[in-house]
Amino acid sequence: FTMGSNPTFERGYEVGVEQIDLPRPIDVRGTLKVKAYGGGKPYDKIGPNGAYWKVELQGDFLTAQPFDKFGDPMPGSLVEVLDFATINGAIWFNDDIQLSGILDGEITIGVDGDVHIVDDILYAGASPGSGPGLDCDDVLGVVAAGQSQGNIIIDYTPANENDCELHGVFMALSNTIEAEDYQHYQPRGELILYGGLMAQSAIHIADYNNGGVLKSGYYRNYHYDSRVMTLPPPFFPFASNFSLATWEEVVPVVVS
């Protein structure tokens with residue numbers, strides 16, 4: 001109320017319902033990770049502490065290259081190209097990733113660590129600012145499944161300083177979804193989302209003053225993607241106490 005919100009519950013609401021828990025990281029390793037190693041695409045541990053994969057979605061394929069903690073390509077590393085037509089839709093990284101790009105396909109990316117979003121993530125079959133229509137067949141799941149890490153972070157990059165648009169369903173199993181340094185600097189425009197956000201701990205994208213005026217971070221511009229009721233991302237993790245029949249109850253965005 002202090003921020004002047006005026007929510008509407010167009011389909012009504014219930015009180016006293018059973019809590020729906022997010023899956024545990026160990027369960028996701030037993031499902032999504034197994035699928036990636038058995039017909040999908042796993043990216044093994046790079047080695048040095050602080051190393052990460054730079055991942056760019058480029059339509060119906062992605063490119064991935066390992067970088068060290070100083071931001072330089074790992075010595076002797078090459079840019080790996082993954083054609084989505086050659087896998088079952090499951091992808092697993094055993095290190096942190098930086099992620100951006102445009103997707104033409106249906107994939108779920110699991111990460112044993114943190115996911116850093118460095119630019120927009122869009123569907124090829126959607127219009128920026130308008131989101132996917134019912135005829136769009138692109139769908140993305142991103143799961144940060146690290147046991148000790150496991151954040152999804154919208155990095156404070158030049159590309160993200162003035163709006164950031166995300167298409168997909170994003171889940172942080174151990175920790176938070178947040179905008180990097182959301183408590184500092186000037187407002188960054190809107191976080192435009194078509195899909196869902198789910199986090200074990202919290203979702204932080206903005207800081208407000210006592211009058212409810214945005215001080216830093218993003219204004220929220222969230223939209224539910226109804227297509228995922230019947231077209232969830234492949235092998236996207238489900239909680240133990242619900243099934244696909246109740247997917248509709250879980251995917252809508254969670255706002256803190």
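This section describes the internal cavities, a nonpolar surface patch and the placement of one phenylalanine in a predicted model.

Cavities were considered first. Rolling a probe the size of a water molecule over the atoms shows where empty space is left. The count comes to 2 cavities of 30 Å³ or more. Of these, the second largest holds about 40 Å³ of space. Its lining consists of I117, I152, I154, L166, F170, I177, L191, L197 and I205. Two or more lining residues are contributed by each of the elements β12 (152-154), β13 (164-172) and β15 (187-199). In terms of residue class, the lining of the second largest cavity comprises 9 nonpolar residues, with no polar and no charged members.

On the surface, F9, Y13 and V15 form a nonpolar patch of about 430 Å². Within this patch, V15 is located in the segment before α1 (25-29). The relative accessibility of V15 is 69%, and V15 therefore counts as exposed, the threshold for that class being over 50%.

F235 occupies the loop between β18 (214-223) and α3 (247-250). Because its relative accessibility is 34%, F235 is classed as partly exposed, a category that lies between the limits of under 20% for buried and over 50% for exposed residues. With respect to L62, F235 is separated by 173 residues in sequence, while the C-alpha to C-alpha distance between F235 and L62 is 19 Å.

How values were computed: Residues are numbered from 1 along each chain as its sequence is written. This is a predicted model: local features need pLDDT of at least 70, side-chain atom pairs count only at pLDDT 80 or more; totals for chains, interfaces and linings use all residues. Side-chain values use heavy atoms; hydrogens and water are left out. Patches are made of residues with over 30% relative accessible area and no salt bridge: like charges are joined within 9 Å, nonpolar side chains (Val, Leu, Ile, Met, Phe, Trp, Tyr) within 5 Å. Accessible areas come from the Shrake-Rupley method with a 1.4 Å probe; for residues, only the protein chains shown count as cover. A salt bridge is a side-chain nitrogen of Lys or Arg within 4 Å of a carboxyl oxygen of Asp or Glu. Helices (H or I, at least four residues) and strands (E, at least two) are DSSP runs, numbered from the N terminus. Buried means under 20% relative accessible area, exposed over 50%, partly exposed in between (1.4 Å probe, protein chains only). On a 1 Å grid over the protein atoms alone, a cavity is a set of points where a 1.4 Å probe fits but cannot get out, and a pocket is an open set with protein on both sides within 12 Å along at least five of seven lines; lining residues have an atom within 4 Å of a point. Grid points are joined across faces, edges and corners, and a volume is the space filled by probe spheres set on the points. Ala, Val, Leu, Ile, Met, Phe, Trp, Tyr, Cys and Pro count as nonpolar, Asp, Glu, Lys and Arg as charged, and the others, Gly among them, as polar.
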